[in-house]
Each structure stands twice: as structure tokens, then as C-alpha cells.
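Please open the model in a viewer and keep the sequence panel visible. The tour below proceeds by selection, one stop after another.

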Amino acid sequence: MPAIIRLAVPQDAQRLPAIEASAAQAFRMIEALSWLAESPPMSVERHRQLIALSTCWVALDAENRPQGFLSAERDCSDLHIHELSVMQSMQGQGIGRRLIEAAKDYARSNRLSFVTLTTFKHVPWNAPFYARVGFQAKAAIDLDQRLAAILSEECKHGFAPGSRCAMAWPVT
Ligand SMILES: CC(C)(COP(=O)(O)OP(=O)(O)OC[C@H]1O[C@@H](n2cnc3c(N)ncnc32)[C@H](O)[C@@H]1OP(=O)(O)O)[C@@H](O)C(=O)NCCC(=O)NCCS
């Protein structure tokens, strides 16, 4: 049965860090990034804040338990995706694509300009996947101040310079 996607509610916040931690186990397949599997996930408190903005969606299994989430936040006329995670045991079943569709639907309904994110350029389920669902990588020269600042902050947190890119989906 396909997962049901709905807006997250405050009661979901408690479960989301465990989903992110499980999703991150995928990075064990890449030696240089395996440390991400041990990194602390986004806090429950931060999830509560994003849920309160009504820009966080969860994917539910048949028992109505969240198995994936997409957390985002509006910035002027853009919707920025902070995190997209699907439980490792549920990956590859189309849940990630459906969560992205929910974010795109929101951007369309609210007449926004872009859905944006930052991600790894060469991880198969990161930039190549986002490109398949319509996101375009932005060249360094085309970055606005907001996206440039996010990439710069990520470098300070240990991501290798040049390993990340910003991507944008023009709302259609
Ligand atoms: C990225 C992620 C959210 C995608 O969710 P998902 O439910 O697995 O995605 P889908 O089933 O909709 O598949 C999306 C695509 O990713 C590919 N994919 C998923 N897991 C993959 C893996 N481990 N290796 C290679 N490709 C993978 C699928 O084959 C699919 O490709 P397609 O475009 O040819 O159909 C999920 O893999 C995940 O949580 N990964 C770890 C956390 C992460 O990297 N998040 C993104 C941060 S920017």
C-alpha cells in the first residue's frame, strides 16, 4: 500500500530524529561519509519549530506511523528543504519522491518561486536523484546570499569543500 503523506503535527516530532538517524545509515556505504551515520540528528525542539510553520510533511505506514519526513521552511518566495529522510528499511519505495511532491504542491499553492536545498553532488541518492525530479544545480556564481551562507556553514561543520551543491526547482 502506498504511504500516506500528510502535514506533520507536533506529536510527530518525537519520532523524527530516529527516522533521520536510520536514514543516515545509508552513508555507511561511502567510506568518506560514513561518519554521517553517527552524527546527531535534528533535535525534537527544532522539529517542533518547523512543524509549527506547516512546512513539514510525514509519510505514514499502514499503522499510521511516520516512516519518512521532509522538513522545510519558507524564506521570502522560496521554500527551503532542510532535511529529507526515509527509514532505511523503507527506502527505494517511492516515499522520498512523494514527500518532494508534497513540498512542490505547497510551493505551487503558495505561488512561490523556487524550492531549494543543499546536498552532496556525487552521492547517488542526493544530487543525481534531485536532478531526476527536476532540481537544477546552481553554479557557485549564481548562488544568492542565503544559499551561499548555507554552503559555507556546512563546510564549517565538516563537509569537504566542493562536495556539496545548492539546487533549485523552479515552481511550475
Ligand atoms: C534520499 C532519500 C530520502 C530518498 O527516499 P526514498 O524513499 O529512498 O526515495 P525513492 O524511493 O522515492 O527513490 C528515489 C530515488 O533514489 C534512489 N535511491 C534510494 N536509495 C538509494 C540508494 N541507497 N542508492 C542508490 N539510489 C538510491 C532510488 O533508486 C530512486 O531513484 P529513481 O529516481 O531512479 O527512482 C532516502 O534515500 C534517504 O533517506 N537517504 C538518506 C538521507 C539522505 O541522504 N537524505 C537527503 C539529504 S539531501
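## A guided tour

Begin with strands 3 and 4. Select strand 3 (residues 66–75) together with strand 4: the two run antiparallel and are joined by eight bridges. This is a predicted model. To see one pairing, pick F69, whose bridge partner in strand 4 is S85.

**The hairpin turn.** Now move to the end of strand 3. Strands 3 and 4 form a hairpin, with two residues between them. Select C76, which lies in the loop between these strands. Its phi is positive, about 50°, although C76 is not a glycine. Most residues other than glycine have a negative phi. Is C76 buried or exposed? C76 is exposed, because 9 other C-beta atoms lie within 10 Å, and a residue with 12 or fewer counts as exposed.

**Strand 4 and its other neighbour.** Select strand 4 (residues 78–86) alone. Seven of its nine residues are buried, so this strand is largely enclosed by the rest of the structure. Next, add strand 5 (residues 114–120), which runs parallel to strand 4 and is joined to it by three bridges. Within this pairing, D78 has F114 in strand 5 as its bridge partner. Follow the chain from strand 4 through helix 3 (residues 95–109) to strand 5: this β-α-β crossover is right-handed.

**The nonpolar core.** Which residues have the most contacts inside the largest nonpolar core? Select C56, W57, F69, L70, L99, A103 and M167; the core to which they belong has 38 residues. Helix 3 gives the most to this core, with six residues. Centre the view on L99 and display the residues that it touches beyond four places in sequence, among them I5, W57, L70 and L84.

**Strand 2 and the loop before it.** Select V58, which is placed in strand 2 (residues 56–60). V58 is buried, because 26 other C-beta atoms lie within 10 Å, and 20 or more are needed for a residue to count as buried. Leaving aside residues up to four places away in sequence, V58 touches R6, A8, D12, P66, G68 and F69. For a contrast, label A37: V58 and A37 are 21 residues apart in sequence, and their C-alpha atoms are 21 Å apart in space.

Step back to S54, in the loop between helix 2 (44–52) and strand 2. The phi of S54 is near 60°, a positive value in a residue other than glycine. S54 is partly exposed, with 13 other C-beta atoms within 10 Å.

**Helix 5.** Select helix 5 (residues 145–156). Its twelve residues should span 16 Å at 1.5 Å a residue, and its end C-alpha atoms are 17 Å apart, which agrees. After helix 5 comes G158, whose phi is positive, near 110°.

**The whole chain.** Finally, clear the selection and display the entire protein chain. How many helices and strands are in the chain? There are five helices and seven strands, and along the sequence they follow the pattern β-α-α-β-β-β-α-β-α-β-α-β. Along the principal axes, the C-alpha atoms fill a box of roughly 45 × 40 × 30 Å. A compact globule of 172 residues would have a radius of gyration near 16 Å, and the chain has 15 Å, which agrees. Buried residues make up 33% of the 172 residues. Among contacts between residues at least 6 apart in sequence, 65% join residues at least 24 apart.

Technical notes: Residues numbered from 1 in each chain as written. Predicted model: local features only at pLDDT ≥ 70, side-chain atom pairs only at ≥ 80, totals over all residues. Helix = DSSP H or I, 4+ residues; strand = E, 2+ residues; numbered from the N terminus. Expected span 1.5 Å × (residues − 1). Pairing = 2+ DSSP bridges. Right-handed = clockwise from strand over helix to strand, strands pointing away. Rg over C-alpha atoms; globule rule 2.2 N^0.38 Å. Contact = placed C-beta atoms within 7 Å. Core = buried A, V, L, I, M, F, W, Y, C linked by C-beta atoms within 7 Å.
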